[in-house]
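Thanks for coming, everyone. I'll take one structure today and walk through a few parts of it. Here it is.

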Amino acid sequence: MRTYLESVDTEWFNQRLIGVLVVVLAAFTVITVRLLYLQVFEGKELRRLSEINSIRLQDIDAPRGMIYDRNGTTLVDNRPSFDAYIILKDAKPLDRTLERLAVLLNEPSEDLETTLRSSKKRGGYTPVLLREDIGRDTMAAIEVHKYELPGVIVHVSPRRHYIHGAHASHLLGYMGEISQEELQCTPYEDCKGGDYVGKFGIEKAYESYLRGMRGGRQVEVNATGQVVRVLDTVMAEPGKNIYLTIDEKLQKRTESLMQGRAGAAVAMEPDTGRILAMVSSPSFDPNLFVIGMTRDQWSELISNPFRPLENKVTQAEYPPASTYKIVTAIAGLEEKVIDAETTFHCPGFYRYGNRVYRCWKRGGHGDVSLVKALTESCDVYFYQVGEALGVDTLARYAKAFGLGVPTGISLDREAEGLIPTKEWKLKRFRAPWQGGETLSIAIGQGFNLVTPLQMASLAATVGNGGRRYKPYMIEKIQSADGLIALHNSPIEVEGIAMHTETLSLVRQALWKVVNDPKGTAWQSHINGLPFSGKTGTAQVVSMPKRSDSSSEDKEALPKDHAWFVAYAPSENPKIAISVIIEHGEHGSSAAAPVASEMIKAYLGEDYLVSASSTQTHSISISEAAGHDD
């Protein structure tokens with residue numbers, strides 16, 4: 001009995017053991033097959049996924065090139081910006097991570113969730129930007145709590161910094177996030193979404209030099225996305241540095257003179273075309289475009305009637321007014337319509353057909369020669385010169401001086417201005433040119449439009465003896481290691497040949513405009529530093545025809561624009577200037593004083609010499625005559 005039971009137990013045990021062995025063998029077979037499948041057939045893909053989890057590539061942003069003035073004074077540099085990113089695959093649980101991060105950023109977690117939902121980058125391992133420029137203190141707090149914030153990283157990137165705020169803002173420009181259209185353009189082929197690029201001014205015109213080349217590093221991360229070690233690094237290549245032709249002292253002084261006024265002022269070297277100062281007023285702070293502005297700030301900028309975002313030096317167009325008489329005078333002399341002795345009588349008006357064209361001086365100037373006509377800005381004299389020349393001849397000389405055509409300065413959207421001809425009017429209005437329109441053109445009114453930069457170029461050309469140079473504001477561009485990438489030199493532009501007698505006569509008259517008590521800019525002359533110039537008053541609207549119009553009605557009308565162009569010193573000038581004050585009313589009282597102060601700021605005491613040793617013209621210091629031009 002016992003033997004039988006023992007045999008039964010042994011058989012049962014053996015059967016059980018065989019069953020277990022079969023199960024174990026089957027399990028090992030499945031595992032072996034699975035391992036074989038994973039290693040042989042899926043090994044490459046699994047290895048790729050594993051490396052993605054542990055090894056990642058991080059960008060290293062390139063520092064943007066610096067911008068300096070001609071003397072090496074820093075105008076634009078870069079500062080560190082601490083930006084908070086999140087990697088969704090690592091940020092688990094996401095809700096809890098966002099709540100903890102929101103406390104450190106001192107804002108509702110709902111705002112962070114809204115940022116995530118609106119983000120265009122929602123890839124699992126692609127960092128999503130949550131907040132820019134969080135500051136050093138917040139960055140330090142995140143680093144302290146980084147193990148409680150899986151998937152949250154702080155990236156340090158260089159951010160543009162305009163050291164003096166609104167200083168030279170229209171020249172320097174500003175930056176903004178790259179658009180989809182720009183991403184598809186060749187100049188931006190090495191950029192990616194979210195990058196900041198130049199949008200205006202030098203920042204845009206020289207973007208390819210300033211941008212530099214992005215670097216990167218290969219890092220190993222742990223399960224929460226924190227960097228364990230750096231495996232390899234390719235350093236970023238900094239952008240190139242730009243040295244401007246701008247004189248910082250003159251630029252600041254000009255800005256202070258234009259403070260509270262709308263208009264533009266520009267100064268250049270007559271013998272080179274170098275821009276010494278460029279001011280458009282009112283201005284704006286380009287830092288707002290980097291750090292971000294409120295809806296109210298943006299609305300204030302774009303709704304301002306004085307157009308702070310427009311560079312009025314190159315983009316605004318105005319009638320040149322009496323400053324254009326320089327062109328009319330030169331054209332008349334060169335075409336032999338007038339000479340130094342030609343005299344017209346000015347009774348205060350000129351009758352042409354059935355219309356009466358008035359002079360600014362109602363009582364008239366009497367008998368007027370060319371020098372007196374320019375000195376006192378007699379309209380009647382230039383009406384008759386313009387009538388004799390015709391509009392097409394005037395246009396030919398104006399364009400030879402660079403009016404009505406872009407100067408070629410390397411700034412975006414430079415305006416051309418407008419110098420009308422008979423053909424232009426026929427195409428534009430399908431109407432023939434009227435003789436009376438030529439009279440308005442001859443004194444810089446009518447269809448004439450110019451930019452302040454064009455008028456500065458005109459003053460420089462007359463001042464230097466008839467040579468016209470292309471304006472430029474970049475002295476050189478240099479890499480971080482000192483290699484010169486670009487060095488500008490003066491470029492003379494083809495203009496028009498003038499007789500020495502013509503230039504001498506016009507220059508004599510422009511000297512008297514400032515230094516003769518009867519000159520329209522006498523009030524702005526500088527003792528010991530004779531300079532030359534021409535005033536102008538550009539009509540915005542016609543004055544009321546009725547003599548009984550109330551003073552209130554007259555006050556409601558926009559005031560005329562005030563012009564002044566100049567070069568200094570009168571002999572061998574070192575600076576040429578163009579100033580326009582919108583609604584300044586009279587060039588003599590609004591624009592000329594600005595130019596006078598600019599000249600003193602630039603030339604300084606070195607050029608202030610005794611009047612007796614420098615004045616080559618004899619004048620009678622009599623009672624100064626008032627003037628409305």
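First, a term: a contact means heavy atoms within 4.5 Å. With that in hand, take the contacts in the protein chain with a separation of 6 or more: residues 24 or more positions apart account for 72% of them. Keep in mind that this is a predicted model. The protein chain has 629 residues, and 48% of them count as buried. It has 23 helices and 23 strands.

Now the sheet. What is its strand order? It runs β12-β11-β23-β22-β21, an open sheet of five strands with antiparallel pairing. β12 and β21 are the edge strands, each pairing on one side only. On average, neighbouring strands here are turned by 5° against each other, direction ignored.

Look at one edge. β21 covers residues 532-538. β21 pairs with β22, residues 561-568, in the antiparallel sense, over seven bridges. One residue to pick out is Thr537, whose bridge partner in β22 is Ala562.

Next, the helices on the sheet. α19, residues 452-463, lies across β11, β12, β22 and β23. α19 runs at about 145° to β23. α10 lies across β11, β12 and β23, and runs at about 25° to β12.

Stay with α10, residues 248-258. Which of its residues are buried? Glu248, Leu250, Gln251, Thr254, Glu255, Leu257 and Met258. A reminder on helices: with 3.6 residues a turn, residues three or four places apart point the same way in an α-helix. What do the buried residues of α10 pack against? Three strands of the sheet we just saw are on the list: β11, β12 and β23. β3 (74-86) and helix α22 (587-603) are on it too. Just after α10, Gly260 takes a positive phi of about 80°.

Last stop: Asp69. Where is it? Asp69 sits in the loop between β2 and β3. Asp69 is buried, yet has no salt bridge. The nearest side chain of opposite charge is Arg70, 6.8 Å away. The cut-off for a salt bridge is 4 Å, so Arg70 does not qualify.

What lies by the Asp69 side chain instead? Backbone nitrogens. The one of Asn71 is 3.0 Å from a polar atom of that side chain. The one of Glu248 is 3.2 Å from a polar atom of the Asp69 side chain. Glu248 is also one of the buried residues of α10. Leaving aside neighbours within four places in sequence, Asp69 is in contact with Leu75, Tyr243, Leu244, Ile246, Asp247 and Glu248.

That's the tour. Over to you.

Note on methods:
Residues numbered from 1 in each chain as written. Predicted model: local features only at pLDDT ≥ 70, side-chain atom pairs only at ≥ 80, totals over all residues. Heavy atoms only, no water. Buried < 20%, exposed > 50% of the residue type's maximum accessible area, 1.4 Å probe, protein only. Helix = DSSP H or I, 4+ residues; strand = E, 2+ residues; numbered from the N terminus. Pairing = 2+ DSSP bridges. Axes fitted to C-alpha atoms, helices over the stretch in contact; angles between N-to-C directions. Lys, Arg positive; Asp, Glu negative; His and termini not counted. Polar contact = N/O pair within 3.5 Å; in protein donor to acceptor, adjacent residues only side chain to side chain.
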